[in-house]
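Thanks for sharing this one with me. Here are my notes, set out as numbered points so you can follow them with the model open beside you.

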Amino acid sequence: MGAGVYNRGMSKNSPKDEEQKMQKRIAKRQAKLEKHVVVCPHCGANVLDHMTKCHVCGGALTPRGYTPMDPKKMKLFKTIGWIVGIAGVIATIVVVIVLNS
Ligand SMILES: [Zn+2]
């Protein structure tokens, strides 16, 4: 009997405590999710704010914080990427030639 009391004292978290913790965790997660829930302007369904299309009616949605990428900027980034890539290849070739000569 003494051992039983000892064991009970050792486990800090009773199954009930664990359950409460779990429920708190779930509630927290739901609260987090609810922050991202918006109402579809077309049908009134709950949709997530990052969606571009309503999953209920298929209506177009404007995602929160969504800024369409400027095509000019996109092209510039692509060009820079190309230049950096080509420069890297040329640098590698130059290094190989210098090392071999
Ligand atoms: Zn909708």
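1. Among contacts in the protein chain between residues at least 6 apart in sequence, what percentage join residues at least 24 apart? The share is 0%. Please keep in mind that this is a predicted model.

2. On confidence, the protein chain has a mean pLDDT of 86, with 84% of its residues reaching 70 or more. Among its elements, helix α3 has the highest mean pLDDT, 95, while helix α1 (residues 2-10) has the lowest, 55.

3. For the overall layout, you will find 3 helices and 2 strands in the protein chain. Read from the N terminus, their order is α-α-β-β-α. Buried residues account for 1% of the 101 residues.

4. Have a look at helix α2 next, which covers residues 15-35. Its 21 residues should span 30 Å at 1.5 Å a residue, and its end C-alpha atoms are indeed 30 Å apart. The number of buried residues in α2 is 0, so this helix lies largely in the open.

5. Helix α3 takes up residues 71-100, 30 residues in total. From its first C-alpha to its last it reaches 43 Å, close to the 44 Å expected at 1.5 Å a residue. Why does α3 count as lying largely in the open? Of its 30 residues, the number buried is 0.

6. One residue deserves a visit of its own: Leu 61, in the loop between β2 (46-48) and α3. Is Leu 61 buried or partly exposed? It has 19 C-beta neighbours inside 10 Å; because a residue needs 20 or more to be buried, Leu 61 counts as partly exposed.

7. As for the company Leu 61 keeps, leaving aside residues up to four places away in sequence, it touches Cys 40, Val 47, Met 51, Thr 52, Lys 53 and Cys 54. His 50 is 11 residues from Leu 61 along the chain, and their C-alpha atoms are separated by 8.8 Å.

Terms used:
Residues are numbered from 1 along each chain as its sequence is written. This is a predicted model: local features need pLDDT of at least 70, side-chain atom pairs count only at pLDDT 80 or more; totals for chains, interfaces and linings use all residues. Helices (H or I, at least four residues) and strands (E, at least two) are DSSP runs, numbered from the N terminus. The expected span of a helix is 1.5 Å times one less than its number of residues. A residue is buried if 20 or more other C-beta atoms lie within 10 Å of its own, exposed if 12 or fewer, and partly exposed in between; C-beta atoms are placed from the backbone. Two residues are in contact if their C-beta atoms, placed from the backbone, lie within 7 Å. pLDDT is the predictor's confidence in each residue, from 0 to 100.
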